[in-house]
Amino acid sequence: METFILETPTRQHHHMEADNDTGISEFLLLGLSEEPELQNIIFGLFLCMYLITVLGNLLIILAVSSDSHLHTPMYFFLATLSFADICFTSTTIPKMLWNIQTQSQVLTYAGCLTQTYFFIFFGGWDDLLLTVMAYDRFVAICHPLHYTVIMNPRLCGLLVLVSWVISVLNSLLQSLTVLRLSFRTKVEIPHFFCEFNQVFGQACSDTFLNDIVMYFGILLLGGAPLAGILYSYSKIVSSIRRISSAQGKYKAFSTCASHLSVVSLFYCTILGVYLSSAAPQSSHSSAVASVMYTVVTPMLNPFIYSLRNRDIKRALKRITGVPVM
């Protein structure tokens, strides 16, 4: 009897620990704000931005696929980027809108892993596609006479496929590292989606290996593409400077101005988010900053490309019947 009394609390204690560490049932996404009066405003704002993002990028895809004049490598990559942007935004915003509408913050463990996987995948694919587009502009401006030979349909398809495979493998590796972590039964994440840093911060176990893999992924899909883009544009600038006429310089620069704008927006917003998360401020500030690259950048991409591109404007006018400014 004495043995039973002594052992029972110990067993209960071990059972509670096991329940806390391995009985993962749900994550609670706290969102951008917990103020009830702001929920309707946030819902309306994000629904509008999401619809604009999807519609704008779908119009770019439709314009490129329906106009034979746009069946070139540059527009093929642009249409692929638009598709990746739609998917990238769709990994986070619909769930956020659903949570606000149902007044629920719950996301299952499997749901968090799935969201993380696709978020990293489409974000990485976006980044690599921007690098491929920089290479396309490099060939077009620095080797114009050999452009059609170098950027043949086979190479274009291969570049998109390789960037897709790299993104898939990186996302798989990053997501698998989460499986080795243990969490409490209820995990509160001060964000509107399962962001990697926030998930790691809530783990009960050691995250050293996860951090190493994460930084490897950032170096692979952040540092290397950025270095490639900077190298391409250094060569492009050198080629443009050698053009004698001012009109020729303007024409050469205008072909890559839209892409340069999108690259600048993409990297500046991500840099801003990670600098803001490193600063001593609340996690909610980091979540608000994340809106820039998860929603705002994919929403602005179609406008940047269509407003600065005569061919896209013409194709959109033919599809919609409305002249684009």
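User: What makes up the secondary structure of the protein chain, and how are its elements defined?

Analyst: The protein chain comes to 12 helices and three strands. Helices (H or I, at least four residues) and strands (E, at least two) are DSSP runs, numbered from the N terminus. The model is predicted: local features need pLDDT of at least 70, side-chain atom pairs count only at pLDDT 80 or more, and totals for chains, interfaces and linings use all residues. Residues are numbered from 1 along each chain as its sequence is written, and side-chain values use heavy atoms, with hydrogens and water left out.

User: What share of the residues counts as buried, and by which cut-off?

Analyst: Buried means under 20% relative accessible area, exposed over 50%, and partly exposed in between (1.4 Å probe, protein chains only). Of the 325 residues of the protein chain, 47% count as buried.

User: What makes the three strands one sheet, and in which order do they stand?

Analyst: Two strands pair if DSSP finds at least two bridges between them. Strand S1 (residues 26-29) is joined to S3 by four bridges, and these two run parallel. S1 and S2 pair in the antiparallel sense over three bridges. The sheet is open, its order is S2-S1-S3 and its pairing is mixed.

User: Why are S2 and S3 placed at the edges?

Analyst: Strand S2 (106-108) and strand S3 (186-189) each have a single partner strand, so one side of each is left without a neighbour in the sheet. On average, neighbouring strands of this sheet are turned by 30° against each other, direction ignored.

User: Which residues stand opposite those of S1, and where do the S1 side chains point?

Analyst: On the S3 side, Leu 28 stands opposite Glu 188, and Glu 26 has Lys 186 as its bridge partner. In S2, Leu 107 is the bridge partner of Phe 27. Glu 26 and Leu 28 point one way from S1, Phe 27 and Leu 29 the other way, and all are buried. In a regular strand the side chains alternate between the two faces of the sheet.

User: Why is Gly 31 called buried or exposed, and where is it found?

Analyst: Gly 31 lies in the loop between S1 and helix H2 (36-66). Its relative accessible area is 14%, so Gly 31 is buried. The C-alpha atoms of Gly 31 and Phe 192 are separated by 4.0 Å, although the two are 161 residues apart along the chain.

User: How do you know that Cys 112 and Cys 194 form a disulfide?

Analyst: A disulfide is a pair of cysteine sulfur atoms within 2.5 Å. The S to S distance between Cys 112 and Cys 194 is 2.0 Å, so the pair meets that definition. The structure holds one disulfide. It links distant parts of the chain, with Cys 112 in helix H5 and Cys 194 in the loop between S3 and helix H8 (196-201), 82 residues apart. The link is left-handed, with -120° about the S-S bond, and both Cys 112 and Cys 194 are buried.

User: Why are Cys 87 and Cys 156 classed as buried or exposed?

Analyst: Cys 87 has 17% relative accessibility and therefore counts as buried. Cys 156, at 4%, likewise counts as buried.

User: What makes the packing of H3 on H5 roughly parallel or antiparallel?

Analyst: Axes are lines fitted to C-alpha atoms, for helices over the stretch in contact, and angles run from 0 to 180 degrees between N-to-C directions. Helix H3 (residues 73-90) and H5 pack at about 165°, with their axes 9 Å apart. H3 is therefore roughly antiparallel to H5, as angles under 35 degrees count as roughly parallel, over 145 as roughly antiparallel, 65 to 115 as roughly perpendicular and the rest as oblique. Contact means heavy atoms within 4.5 Å; the residues that meet include Phe 77 and Cys 87 in H3 and Phe 122 and Leu 129 in H5.

User: Why is the packing of H5 and H7 given a roughly parallel or antiparallel label?

Analyst: H5 and helix H7 (residues 153-178) pack at an angle of about 150°, with their axes 8 Å apart. That angle makes H5 roughly antiparallel to H7.

User: What is notable about phi of Gln 103, and why is this residue called buried or exposed?

Analyst: Phi of Gln 103 is near 55°, a positive value in a residue other than glycine. Most residues other than glycine have a negative phi. Gln 103 is found in the loop between helix H4 (93-102) and S2, and at 75% relative accessibility it counts as exposed.
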